[in-house]
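Biologist: I would like to learn how to read a few features of a protein model. Could you walk me through them with an example?

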Amino acid sequence: QVQLVESGGGLVQAGGSLRLSCVASGRIFKINAMGWYRRAPGKQRELVAALSNGGSTNYADSVKGRFTISRDNSKNTVYLQMNSLKSEDTAVYYCNADITYAFGKDLYWGQGTQVTVSS
């Protein structure tokens, strides 16, 4: 069984920074792409940033230049550095990972971490 656990969320003032972490654990053979999504109140879940195993990145237009996704393969961890936070960044942030395990491949999600930006 594979688990993803996020941490690092919290309350921050507009203009501030937060760093989210997501650790994957369990019977992992290989972690392929990893990413971060968010769901703001009353809105659909949206992609924030994604990072392929080869290092290619994809960012939502709203976060380009402010957020940076990175990963540490030795720790099975993906990070999201969030700078210059705005009130519209307030949401529950979820990480996901495309993981190959012994018997196949699947997409896993974390439980989410709340980020609240006060203006």
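Biologist: Let me start with side chains: which side chain does lysine 105 join through a polar contact?

Modeller: Keep in mind that this is a predicted model. For a polar contact, look for the partner side chain and the distance. Here the partner is aspartate 98, and the contact with lysine 105 is 3.4 Å.

Biologist: Where does lysine 105 lie, and what does it touch?

Modeller: Lysine 105 sits in strand S10, residues 104-109. Leaving out residues up to four places away in sequence, lysine 105 touches Asn32, Asp98, Ile99 and Thr100. Sequence separation can also be set beside distance in space: isoleucine 31 is 74 residues from lysine 105 in sequence, with 9.5 Å between their C-alpha atoms.

Biologist: Is lysine 105 buried or exposed, and why?

Modeller: The cut-off for exposed is over 50% relative accessible area. Lysine 105 has 55% relative accessibility, so it counts as exposed.

Biologist: Now the strands. What should I know about side chains in a strand?

Modeller: In a regular strand, side chains alternate between the two faces of the sheet. A separate thing to check is burial: in S8, five of the six residues are buried, so this strand is largely enclosed by the rest of the structure.

Biologist: Which strands pair with S8, and in what sense?

Modeller: S3 and S8 run antiparallel and are joined by six bridges; one bridge links arginine 19 to glutamine 81 in S8. S7 also pairs with S8 in the antiparallel sense, over six bridges, and there aspartate 72 has threonine 77 of S8 as its bridge partner.

Biologist: What can I read from the backbone angles in the loops on either side of S8?

Modeller: Look at the sign of phi. The hairpin of S7 and S8 has four residues between the strands, and among them asparagine 76 takes a positive phi near 50°, although asparagine 76 is not a glycine. Asparagine 76 is partly exposed, at 25% relative accessible area. In the loop between S8 and S9 you find serine 84, another non-glycine residue with a positive phi, near 50°. Serine 84 is partly exposed too, with a relative accessible area of 41%.

Biologist: Finally, which residues touch the most other members of the largest nonpolar core?

Modeller: They are Trp36, Leu80, Met82 and Tyr93, in a core of 31 residues. Several strands supply at least two residues each, including S1, S3, S4 and S8. S9 gives the most, with five residues.

Note on methods
Residues are numbered from 1 along each chain as its sequence is written. This is a predicted model: local features need pLDDT of at least 70, side-chain atom pairs count only at pLDDT 80 or more; totals for chains, interfaces and linings use all residues. Side-chain values use heavy atoms; hydrogens and water are left out. A nonpolar core is a set of buried Ala, Val, Leu, Ile, Met, Phe, Trp, Tyr and Cys residues joined through side-chain atoms within 4.5 Å. Buried means under 20% relative accessible area, exposed over 50%, partly exposed in between (1.4 Å probe, protein chains only). Contact means heavy atoms within 4.5 Å. A polar contact is a pair of N or O atoms within 3.5 Å; within protein, one must be able to donate a hydrogen and the other to accept it, and residues adjacent in sequence count only if both atoms are side-chain atoms. Two strands pair if DSSP finds at least two bridges between them.
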